[in-house]
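Got the viewer open? Let's walk through it one selection at a time, starting inside one chain and then crossing over to its partner.

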Amino acid sequence: MLEAEKAFFYFSVAVFITATIINWAGLIFNKPLPKTLLASIIVAVLAAAISITLRWLQAGHGPFMTLYDVLLSNLFTLGFIFLLTYMLVVRSRPAALFVLPLLSLMALWAATTDMAPVLLPETYATVLLWIHVGVGKIFLGLCLTAFGLAAVLLMRYSIPMAGFKQMPATTELDEMAWRFMAVAFVFHSLMLISGAVWAQDAWGRFWAWDSLETWAFITWLVLGLSLHARVTWSLPAWAGWLMIILVFMLAMLTFLGVPFSSIGPHKGIM
Amino acid sequence: MFQSALKPIQSLASLKLSFVAMAALLAGILYSYFDQSQSVLWLAIPLLVLAVNLLFAMVYNPRIRQNSGLLMFHICLLALALLAALGQLTSMKGRLEIMQGQVFDSKQVTVVQQGPWHSLQALNKIVFEQSDFQVDYSQGLRRGATHSQLLVNGESFVVGDNLPFNHQGYRFYTTSNKGYAVMLAWFGKDGKAIQGAIHFPSFPLYDWKQDNQWFTPAGQLLNMTFISNKQVALNESWQLDSSQASGSLQIETAPGVQQILKPGQRLKLQGGELEFVEVRMWMGYSVFYNPWLVWFFAVSLVGVFGLTWHYYLKLGSRKIVTRDTDSVRAEHVINNA
């Protein structure tokens, strides 16, 4: 592993943690969000991007194989998607209170894993991998922002703090969280379709209920159930927020737990 | 009167039923995941209820009927359920080991799954011959590219990894299974001569136990071990090339009585003579048939398009508004904190 790659990765970790502290200090001391927060997210995402680029150049392929690969690529892609959301959907910024600590934890987790690159299996050398992973990351990024909003809303509901007064109204944040979930549902559907096309080419079957496929479908179903439940019943808002958090936890389990704890084609084993 | 008679039918379109059926499907998936013994029914029953519910919802639920995107999405979900059922009835999965120089014979296919409406007759129309193949390995015995050459009516096709051989709707995918085969000839004392091949376990996965057994036509059991000339390198890149397959054959005719043969050598046995003709390799394929694949893909895409269209119309032009009293109450609590 290149020293420069490592240096940029650790720098990114440090900046994500700093951004988390700045954000939470703003809430606790009831201060408006400083411009340094946006700057620090940009710097952290850029550093993660440089680290991935250097790793890519050394390994000769993208970050798809090891747990470190996936965590590093998530650090960049989820950070980048959240950065876009932060800049374009200004009223979703409170989500940063939970998104940034989560990205920091992901980065710290990555730092504890084996960073050595491994070879890409031949079945991964296809454009379908890029489409599948690409739409999957967009799904997870949107789900992450919805999770951030739901977690903020739950906290606001249960622990009243003066710092919450600066944030948009509860109903507005709630509606926004569900909008992110609705768009995430579209991207999750695309991820399943592109994954099935790839699986047909790579392993000779489009769906085989392997561990990752099963948990990805469960996530899709629970997300669909949540969207359905919201229009079927007048659920209390907090129940909806808990459902969003559950969907996000399932998505994290699917993306970061199942592929590295099961033996299956998705693991790229020979 | 007519309205009251319709009520039970309309309840089949209920969104609450959709929720219950989706929850049942979720429970079925989880049950099947942890205990695979009854997987089909646990998934099929909730899916059937969902399909019926969807059908009625499309007829009776104005919310679905009046939203073209939502209607499109739900029609596609129903179509996918039908296609899945059709796929189960007409599809086929199998596996095959075929040796270099051997012509495909449908009898070689081991059928793993066959739908009741699938006839294996179509397999008889498939004609191809297995030619040479190469498999790359890199350090740590990680498998790289597979290039398997097939001859079809004198034309050569290279398949492997993401590229299957498509013929008559059947797809043949190379697998990680491949290994050595020895061609043997038997010359009986009764004047009868036969020729055949013995396949040895997958190589290099089982390079440490290249064993197989064979009963001669005279009824003698032979324990055979193939000794490959190819050394499996763990710490460097190498290629398994079927055109360079070579090795010797160790034959145990009785406990402790062994003899090693090289290609072309013969061994006298009870009732005849065995010749080790030559070394070849076999390639393992998985065979897949599902005529609805393209439809699956098209319907899925149209469904996602419908969903996107629905959300675009629903969310794109709408301002974020207050939704329920509970949220307002929460906000009230905060603002008064």
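Start by colouring chain A by domain: domain 1 covers 1-120 and domain 2 covers 121-270, with bounds that come from an automatic or database domain assignment. A word on ground rules: this is a predicted model, where local features need pLDDT of at least 70, side-chain atom pairs count only at pLDDT 80 or more, and totals for chains, interfaces and linings use all residues. Residues are numbered from 1 along each chain as its sequence is written, chains are lettered from A in the order in which they are written, and side-chain values use heavy atoms, with hydrogens and water left out.

**Stop one: between the domains of chain A**

Drop a marker on the C-alpha centre of each domain of chain A; domain 1 and domain 2 sit 19 Å apart. Now select the residues in contact (heavy atoms within 4.5 Å): you'll pick up 36 from domain 1 of chain A and 37 from domain 2 of chain A.

Together the two domains of chain A bury about 2900 Å², with 79% of that on carbon and sulfur atoms. Buried area here is the accessible area (1.4 Å probe) that two parts lose on being put together, summed over both. Show A:Phe64, A:Arg91 and A:Phe98 as sticks: this trio supplies 21% of the area that domain 1 of chain A buries against domain 2 of chain A, more than any other three residues.

Stay on A:Arg91 and add A:Glu172, since their side chains meet in a salt bridge at 2.2 Å, N to O. The term takes a side-chain nitrogen of Lys or Arg within 4 Å of a carboxyl oxygen of Asp or Glu. Between domain 1 and domain 2 of chain A, the count is one salt bridge.

Next, highlight α1 (3-28), α3 (67-88) and α4 (96-111) of chain A, the elements that give two or more residues to domain 1's side of this contact. α3(A) gives the most, with 10 residues. Helices (H or I, at least four residues) and strands (E, at least two) are DSSP runs, numbered from the N terminus.

**Stop two: chain B against chain A**

Zoom out and select the contact between the chains: 55 residues from chain B and 56 from chain A. The area buried between chain B and chain A is about 5200 Å², 69% of it from carbon and sulfur atoms. Looking for salt bridges across this interface? The rule finds zero between chain B and chain A.

Finish on chain B's side by selecting α2 (15-34), α5 (68-90), β4 (142-152), β7 (170-188), α6 (293-316) and α7 (325-335), each of which supplies at least two residues. α2(B) gives the most, with 12 residues.
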